[in-house]
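Here is a protein model to explore together, one question at a time. Have a look at it first, and then we can work through its details.

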Amino acid sequence: MSLFSILLNAQSLYPEKFEDCKLSEFCLDCGNPQAQPPKTVFQNILRGIGEKNLLTLKGTLEMQILVDQEGKPCLLSIDNKTNMGSAELRIRQSVNATENWTPAIDGTKKENSSVSLIMEFVDGKFRAKRMTFNFTNQSNMKATGTPDRKGSERAALSEGWKVFTQGNSELPWDMSRAVAADLKGNIWIGTDNGIVKISEGKWQHFNSGNTIISATQYNKGQTESVRDMAVDQKDSKWFVIGYDVYRYDNRVWAKFDSLNSPINWARKIVVDPKGNILFTSWDGVARFDGSKWSVMNKKNSKLPSDRVLGVFVDSKDRTWIGTFEGNVVIEKGKTTALNDDSSPLSKAYISKMWEDKKGNLWFSLYNEKGAGAGMYILSPDEKWQRIWSDAPTMFAGNSINDFFLDEEKNILWLSQNNIGIIRYDIARKKTEIYTTENSNVPSVNIERITKDRVGAIWAATFAGIIKTTLK
């Protein structure tokens, strides 16, 4: 029996899920041949979006489509990183109305399968591709991919990587999106099937079997995907899992959802200097102070949009918020739009910020249109500096997923979507780009980055966890 003949009780890959799309069993990107779309699939989606919306649409859509044994498609889940809502774009209706696909085949048998398509929009144009998944065994999945841009020459790379997978470690699932170091130096990893704590070489597992974390709808033995995590000043761990938020205070688990909080499809977690926990979403920013919840949104805080990309609170108690329609800073209750033409914040949107020990503010800015996206530094005397200023479109087509500033070594680490992981020596202004082609970095999909107590860099990828090998 071939690997791909095993039908998996798989899960929704993306946060926005459509309940009317159901199959009791399906496999992920399986078959030989795999399920194939009709030639009209993208034309149907574009027709649903409409010419008027297409002119201003920018960003990325990742769609998980189920294709049954008869070839009928339906949209199961989507990660909408555009400036418009999924309902406005009519994605579900367009995908579900597409002509039948050619179903996946295993030998002579037709299979129910899941296929992921990616569409990127800029300047009224689009490009599309199919995400390819590889499997180490019938109970695991990973996505490796080919980088959209060539990496550095192998001889110029200064770091080596150790790769942890389900095959060579206790990692429960190769597809991973979150990693963080806690206050005691333990490493926490969030995968698409459970959480791992690594303490002095010992691995401890948390999943739907031994915690209150929800199992997937299609497989009660599999845990919902961990999409982000953070550690607060009390060493409690916060997770975005599936559609909800969980807190683990090292003794007890707590769950926050739409019933007991304003949480609705939380995306990123940020801890501010006062210990408040902030959650970005497409409904603004939710804030938890340990006992009470509050919300900052378009209605009560004059945000340009409720679709929030990033949030940060600096040492001066200023709250910076990036949305798909612009950026604001809130200080002493007053909201100021950051639309000064001389500032990079008028040209791209805040996705992440950090404040270093000298008071410099570091920004990763997102915008797939033009040359505004990239990494910037704002000094305490209000002067801007752009990193990679000689490559202004470096992050237009391939956005920044995360960055980590290693102040001890003066190194900036950055994960770039569909490329790999970048090491930038700040003093020497030297860039090293690690990809699947020039190193053993296993995937072009790299999410969160952190550093452990001995100085090693860790990153979560769609094909395992990577860690720099210290010299």
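## Disulfides, fold and core

A disulfide joins cysteine 27 to cysteine 30, with an S to S distance of 1.7 Å. Please keep in mind that this is a predicted model.

Q: Is cysteine 27 buried or exposed?
A: Cysteine 27 takes part in a disulfide with cysteine 30. Buried means under 20% relative accessible area. Cysteine 30 falls in that class, and cysteine 27 is likewise buried.

Q: Which cysteine forms a disulfide with cysteine 21?
A: The structure holds two disulfides. In the one that includes cysteine 21, the sulfur atoms lie 2.0 Å apart, and the partner is cysteine 74.

Q: How many residues apart are cysteine 21 and cysteine 74?
A: This pair links distant parts of the chain. Cysteine 21 sits in the loop between β1 (16–17) and β2, while cysteine 74 belongs to strand β4, and the separation is 53 residues.

Q: Is the link of cysteine 21 and cysteine 74 right-handed or left-handed?
A: Both of these cysteines, 21 and 74, are buried. The angle about their S-S bond is 65°, and the link is right-handed.

Q: What pattern do the disulfides of the protein chain follow?
A: One disulfide joins cysteine 21 and cysteine 74, and another joins cysteine 27 and cysteine 30. With bonded cysteines counted along the chain, the pattern is 1-4, 2-3.

Q: What radius of gyration does the protein chain have?
A: The C-alpha atoms fill a box of roughly 70 × 55 × 50 Å along the principal axes. A compact globule with 471 residues would have a radius of gyration near 23 Å, so the chain agrees with that expectation at 22 Å.

Q: How many strands does the protein chain have?
A: Buried residues make up 60% of the 471 residues in the chain. Its secondary structure includes five helices, and the strands number 36.

Q: Which element supplies the largest share of the largest nonpolar core?
A: This core has 25 residues, and Ile45, Ile49, Met63 and Ile91 touch the most other members. At least two residues each come from α1 (41–49), β3 (59–67), β4 (73–82), α4 (91–96) and β7 (113–122). The largest share is five residues, and they come from α1.

Q: Which residues does isoleucine 91 touch, not counting residues up to four places away in sequence?
A: Isoleucine 91 is among the core members that touch the most others. Leaving out residues up to four places away in sequence, its contacts are Ile45, Ile49, Leu61, Met63, Leu75, Ile78 and Ser86.

Q: Where is proline 33 found?
A: The peptide bond leading from asparagine 32 to proline 33 is cis, with omega near 15°. Most peptide bonds are trans. Proline 33 is in the loop between β2 (27–28) and α1.

Q: Is tryptophan 265 buried or partly exposed?
A: Tryptophan 265 has a positive phi, near 60°, and lies in the loop between β17 (253–256) and β18 (269–271). Its relative accessible area is 30%, so tryptophan 265 is partly exposed.

Q: What is the relative accessibility of glutamate 382?
A: Glutamate 382 is found in the loop between β28 (374–378) and β29 (384–387), with a positive phi near 70°. Glutamate 382 counts as partly exposed, because its relative accessibility is 49%.

Technical notes. Residues numbered from 1 in each chain as written. Predicted model: local features only at pLDDT ≥ 70, side-chain atom pairs only at ≥ 80, totals over all residues. Heavy atoms only, no water. Core = buried A, V, L, I, M, F, W, Y, C linked by side-chain atoms within 4.5 Å. Buried < 20%, exposed > 50% of the residue type's maximum accessible area, 1.4 Å probe, protein only. Helix = DSSP H or I, 4+ residues; strand = E, 2+ residues; numbered from the N terminus. Contact = heavy atoms within 4.5 Å. Disulfide = S-S within 2.5 Å. Rg over C-alpha atoms; globule rule 2.2 N^0.38 Å.
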